[in-house]
Amino acid sequence: MNISYGKQFISNEDINEVIKSLTSDFLTQGPKVTEFESKFAEYIGSKFAVAVSNGTAALHLCAMALNVKEGVNVITTPITFAASANCVRYCGGNVFFCDINPETFLIDTEKLKQLIASKPKGFFSGIIPVDFAGLAINLEEIKSIADENELWIIEDACHAPGGYFKDSKGVTQLCGNSQFADLAIFSFHPVKHIATGEGGMITTNDKELFEKLVLLRTHGITKNENLLSKNDGGWYYEMQELGFNYRIPDILCALGISQLKRANEGLIRRREIARKYFDAFKNHRVIKVQPIELHVGHAFHLFIIQVSNRRELYDYLKSKNIFAQVHYIPVHTMPYYKGLGYKDGDFPIAENYYRNCLSIPMYPSLSNNDQEMVIKTILDFYGN
Ligand SMILES: *Cc1c(COP(=O)(O)O)cnc(C)c1O
């Protein structure tokens, strides 16, 4: 049997909900879409949610809604999935990377301030921080930097539904609740916390942005009488903006609603698994794990270890049918971004992190036995 780094879990109830949806009147935009949106918004603690076809589409629509275009400069982290940066390029904007903090693997706020200060006032328009691996970035801090420099924030919370940080008043701030960000996005790709196959969500507290996103999600077309410039009859609609078809089918929303019911349970299990890994590796002479203090509020999309002989360990685990993974190859070292002028050595902390990191199996349905086997195999590799 193979053990991979991440895996979805589909229950019988999930299957039944999908079958019900398949035999209903709606396959694409029906009642399940709005139900999923409102339940997800409630789970995350935001006012509004817009369900879309995938996380990348969510990022693209956010960038559009915030008017990213040619000449607009946006900051993100090199340690993320490429889509966090690509959404800026889709709209013709320029991507600037900011190196990471070596402990948290998140954007380094001191470096962020330096980057912003190195350019004339008004040079940057926005920032896309990522709750990498499920660790909530302190958005209160990011927001104060953003406000000083009139930047918007899109929180890429794909790794962190249910994750949180404590703000300066001690209040729990859930990832994606949009308390400090203008917009936040999630993905329902099978390895993420909530799986719909393909799927994504945007959360916000801003009604205007919400309405814009709803329009852009479906070609920029509206039938809403309050928004139409005239009314030629019941059939009449208007295309008011150049949008896309980024809709998510009702079928998948039925699956999403059912998955969402188990989201909290899954989160608890992920934290349990993380605790066990931490205890197994915390005093190891080669393996490095993040400090336990960082576990507070961590949503553990990934459990990352850092080792010097990563390639050998990866191959060894693979030979034992354990499929670890690397998250991520720094985005600026991708040939496409090198073509835009980035080069190796530009973000040394991110590159050093990449050389040593390995994501080991982390998903709620990972059994205790399988986890113990993973731990034993890793320890065996180091001869203890
Ligand atoms: C998965 C992911 C995305 C993209 O989501 P898709 O649904 O696969 O398009 C974007 N950002 C991060 C950080 C991700 O992990």
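Glu 37 counts as buried, because its relative accessibility is 9% and the cut-off for buried is under 20%. This is a predicted model. Glu 37 sits in helix 2, which spans residues 31-44. What does the side chain of Glu 37 reach? It reaches the backbone nitrogen of Ala 51, at 2.8 Å. Beyond four places in sequence, Glu 37 touches Ala 49, Val 50, Ala 51, Met 201 and Arg 217. Ala 51 thus appears twice: in the contact list of Glu 37 and as the owner of the backbone nitrogen that the Glu 37 side chain reaches.

**Loop residues**

Leu 66 lies in the loop between helix 3 (55-65) and strand 3 (73-76). Leu 66 is buried, because 15% relative accessibility falls under 20%. Not counting residues up to four places away, its contacts are Trp 152, Ile 154, Leu 183 and Leu 209. Val 171 is 105 residues away from Leu 66 along the chain, and their C-alpha atoms are separated by 28 Å.

Gly 92 belongs to the loop between helix 4 (83-90) and strand 4 (94-97). Is Gly 92 buried, exposed or partly exposed? It is partly exposed, because its relative accessible area of 25% lies between the 20% and 50% limits. Leaving aside neighbours within four places, Gly 92 is in contact with Lys 69, Glu 70 and Gly 71. The C-alpha atoms of Gly 92 and Glu 155 are 20 Å apart, with their positions 63 residues apart along the chain.

**Backbone geometry**

Phe 105 has a positive phi of about 65 degrees, although it is not a glycine. Its place is the loop between strand 4 and helix 5 (109-117). Phe 105 is buried, with a relative accessible area of 3%.

Glu 150 also has a positive phi without being a glycine; the value is near 55 degrees. Glu 150 is in the loop between helix 6 (139-148) and strand 6 (152-156). At 69% relative accessibility, Glu 150 counts as exposed. So Phe 105 is buried at 3%, whereas Glu 150 is exposed at 69%.

Where is the cis peptide bond that involves Tyr 328? It joins His 327 and Tyr 328, with omega about -5 degrees. Tyr 328 is in the loop between strand 14 and helix 11 (335-338).

**Helix 10 and its surroundings**

Helix 10 covers residues 310-319, and Arg 310, Leu 313 and Leu 317 are buried in it. Why do they share a side of helix 10? They cover an arc of only 65 degrees around the axis, which puts them on the same side. The face turned away from that buried side carries the exposed residues Arg 311 and Ser 319.

What covers the buried residues of helix 10? The cover includes strand 13 (303-306), strand 14 (322-323), helix 12 (348-356), strand 15 (357-360) and helix 13 (368-381). Just after helix 10, Asn 321 takes a positive phi of about 65 degrees.

Asn 356 lies in helix 12. Its contacts, not counting residues up to four places away, are Ile 305, Gln 306, Val 307, Ser 308 and Arg 310. Among these, Arg 310 is one of the buried residues of helix 10. The side chain of Asn 356 also reaches the backbone oxygen of Asn 352, at 3.3 Å. Asn 356 and Arg 311 are 45 residues apart along the chain, and their C-alpha atoms are separated by 8.7 Å.

**Cavities**

Rolling a probe the size of a water molecule over the atoms shows where empty space is left. How many cavities of 30 Å³ or more does a search of the whole structure find? It finds two.

| Cavity | Volume | Nonpolar lining residues | Polar lining residues | Charged lining residues |
|---|---|---|---|---|
| Largest | about 70 Å³ | six | three | none |
| Second largest | about 40 Å³ | six | five | one |

The lining of the largest cavity consists of Ala 133, Val 289, Gln 290, His 295, His 298, Phe 300, Leu 302, Phe 303 and Ile 304. The second largest cavity is lined by residues including Leu 139, Glu 155, Phe 165, Cys 175, Asn 177 and Phe 180. Glu 155 is also the residue whose C-alpha atom is separated from that of Gly 92 by 20 Å.

Technical notes:
Residues are numbered from 1 along each chain as its sequence is written. This is a predicted model: local features need pLDDT of at least 70, side-chain atom pairs count only at pLDDT 80 or more; totals for chains, interfaces and linings use all residues. Side-chain values use heavy atoms; hydrogens and water are left out. Helices (H or I, at least four residues) and strands (E, at least two) are DSSP runs, numbered from the N terminus. Buried means under 20% relative accessible area, exposed over 50%, partly exposed in between (1.4 Å probe, protein chains only). A polar contact is a pair of N or O atoms within 3.5 Å; within protein, one must be able to donate a hydrogen and the other to accept it, and residues adjacent in sequence count only if both atoms are side-chain atoms. Contact means heavy atoms within 4.5 Å. On a 1 Å grid over the protein atoms alone, a cavity is a set of points where a 1.4 Å probe fits but cannot get out, and a pocket is an open set with protein on both sides within 12 Å along at least five of seven lines; lining residues have an atom within 4 Å of a point. Grid points are joined across faces, edges and corners, and a volume is the space filled by probe spheres set on the points. Ala, Val, Leu, Ile, Met, Phe, Trp, Tyr, Cys and Pro count as nonpolar, Asp, Glu, Lys and Arg as charged, and the others, Gly among them, as polar. The arc is that of the directions from the helix axis to the C-beta atoms.
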